[in-house]
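Here are some exercises to work through with the model open beside you. Try each task on your own before reading its solution.

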Amino acid sequence: MSPIPPIPVALAARPDYEPKALAEAVDELFGLSGYSPAPGERVLVKPNLLGPEPLACTQPQVARAACAWLLERGCRVTAGDSPGFGSGPGVAKRIGLADALKGLAGDRHVPVISLDKPVFLPLTLGGSVGISRHALEADSILSLPRLKAHSQMRVTCGVKNLFGCVSGMRKALLHARHGDKGREFPSLVADIAAALPPVFTLVDAVTAMHGTGPFKGRPYSLGLLAASPSPVAVDTALYGLLNLTTEDLPVWRELQLRKTPGAFARDISLLGADPAAFPFAGFELPQTLRDESFDPRTLLRSALRRMWARLRG
């Protein structure tokens, strides 16, 4: 039996979001990591659109560069997320993503949608999850997470970004129902990632979020873009470079318990820029984690914010 080839994780240094240099870096990373979607492929571009706070979301020029690259290769591209606060189109408009996606590849238009229309799938440890039909029925997903400290998960990147494929308020309800129950919440995050079509990942860590998060952290100039055909592998690479272990990160520990390809350092191959070129040592993470579950007041606030966002359009 021949050994399984390592999963590539490509790194590139970018000090800022200058559009031309960013597009060149994206092209380089996709080439190194073997991204080759077919002409006509239906690709869902999945940025992080947590809410109307720019640092909490994927930087719009990263999404523009990725969408332009796909359109140039004849792909059919839609961008979408199910934000924690507001709608996909509403958050995209507030942070400048809607404007950034205008005028790509001639007169072709990249719509931004909310990942609604849930399809209910069973969870490994019981219960079910409503994953958006838009995500499940895409030929593939290009995930664009922003590297962020997280008050409940410690740090999040590729795999956790896919939690946004859960439709609407169900994300908060899943936190309430499965949070702080041993493996339940990490297991459902792993289940969601496993249920989706092939996911390629491009990480925005040019300016990351550190200190706390995922909403109210501080900007950190890491100057990094990373790409991989596996969200699990890119997480393993970056978490290792941050000198973290699975004891620090419940979702990573769950992926290793499942022996998920890419969850171990031996599964991956780092390509491109030298990891020593990036200031990982200064990236601050929460030492104590908040509960995974949300109290009823948090759920009520989230529901009211969603209603207000719909009324505002």
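Before the first exercise, a convention for helix pairs: angles under 35 degrees count as roughly parallel, those over 145 as roughly antiparallel, those from 65 to 115 as roughly perpendicular, and the rest as oblique. Keep in mind throughout that this is a predicted model.

**Exercise 1. Two helix pairs**

Task: Describe how α1 and α2 pack, and say how these helices lie to each other. Then do likewise for α8 and α10.

Solution.

Step 1. Two packed helices are described by the angle between their axes and the distance between the axes.

Step 2. For helix α1 (residues 19–33) and α2, the axes cross at roughly 55° and come within 9 Å. α1 and α2 are therefore oblique to each other, and the crossing is right-handed.

Step 3. Now look for the residues that meet. From α1 come Pro19, Leu22, Ala23, Val26, Asp27 and Phe30, and they meet Gln61, Val62, Ala65, Ala66 and Trp69 of α2.

Step 4. Turn to helix α8 (residues 184–195) and α10, whose axes are 9 Å apart at an angle of about 65°. This angle makes α8 roughly perpendicular to α10. The crossing of α8 and α10 is right-handed. On the α8 side, the contact is made by Pro186, Ser187, Val189 and Ala190; on the α10 side, by Pro250, Val251, Glu254 and Leu255.

**Exercise 2. The nonpolar cores**

Task: Find the largest nonpolar core and name the residues with the most contacts inside it. Which helix gives the largest share of this core?

Solution.

Step 1. Start with the whole protein: 56% of its 313 residues count as buried, and its secondary structure comes to 11 helices and 12 strands.

Step 2. The largest nonpolar core holds 40 residues, and Phe30, Val45, Leu70, Leu142 and Leu202 have the most contacts inside it. Helix α2 (residues 60–72) supplies the largest share of this core, with nine residues.

Step 3. Another core, of 28 residues, lies apart from it; Ile7, Tyr220, Leu242 and Leu285 are among its members.

Step 4. Go back to Leu70 and list its contacts, leaving out residues up to four places away in sequence: Tyr35, Pro37, Val43, Val45, Cys75, Val77 and Leu142.

**Exercise 3. Two residues at 0%**

Task: Are Ser143 and Gly262 buried or exposed, and which residues do they touch?

Solution.

Step 1. Place each residue. Ser143 is part of strand β7 (residues 140–144), whereas Gly262 sits in the loop between α10 (250–257) and β12 (268–272).

Step 2. A residue is buried when its relative accessible area is under 20%. Ser143 has 0% and is therefore buried; Gly262, also at 0%, counts as buried too.

Step 3. Setting aside residues up to four places away in sequence, Ser143 touches Lys46, Gly158, Asn161, Leu162, Val199, Phe200, Thr201 and Leu202. With its neighbours within four places likewise left aside, Gly262 is in contact with Ile7, Val232, Ala233, Thr236, Asp267 and Ile268.

Step 4. Pick out one of these partners, Thr236: this residue and Gly262 are 26 residues apart along the chain, and their C-alpha atoms are separated by 6.9 Å.

**Exercise 4. Backbone exceptions**

Task: Locate the cis peptide bond that joins Gly213 and Pro214, then compare the settings of Arg154 and Lys259.

Solution.

Step 1. Recall the background: most residues other than glycine have a negative phi, and most peptide bonds are trans.

Step 2. The cis bond between Gly213 and Pro214 has an omega of about 15°. Pro214 belongs to the loop between β10 (199–210) and β11 (218–228).

Step 3. Check what surrounds Pro214. Beyond residues up to four places away in sequence, Pro214 touches Leu50, Ala56, Lys148, Ala149, His150, Ser151 and Met209. Of these, Ala56 is 158 residues from Pro214 in sequence, with 6.3 Å between their C-alpha atoms.

Step 4. Arg154 is not a glycine, yet its phi is positive, about 80°. Arg154 is found in strand β9 (residues 154–156) and is buried, with a relative accessible area of 13%.

Step 5. Lys259, not a glycine either, has a positive phi of about 55°. Lys259 lies in the loop between α10 and β12, and at 66% relative accessibility it counts as exposed.

Key. Residues are numbered from 1 along each chain as its sequence is written. This is a predicted model: local features need pLDDT of at least 70, side-chain atom pairs count only at pLDDT 80 or more; totals for chains, interfaces and linings use all residues. Side-chain values use heavy atoms; hydrogens and water are left out. Helices (H or I, at least four residues) and strands (E, at least two) are DSSP runs, numbered from the N terminus. Buried means under 20% relative accessible area, exposed over 50%, partly exposed in between (1.4 Å probe, protein chains only). Contact means heavy atoms within 4.5 Å. A nonpolar core is a set of buried Ala, Val, Leu, Ile, Met, Phe, Trp, Tyr and Cys residues joined through side-chain atoms within 4.5 Å. Axes are lines fitted to C-alpha atoms, for helices over the stretch in contact, and angles run from 0 to 180 degrees between N-to-C directions. A crossing is left-handed if the near helix is turned anticlockwise from the far one by less than a right angle, and right-handed if clockwise.
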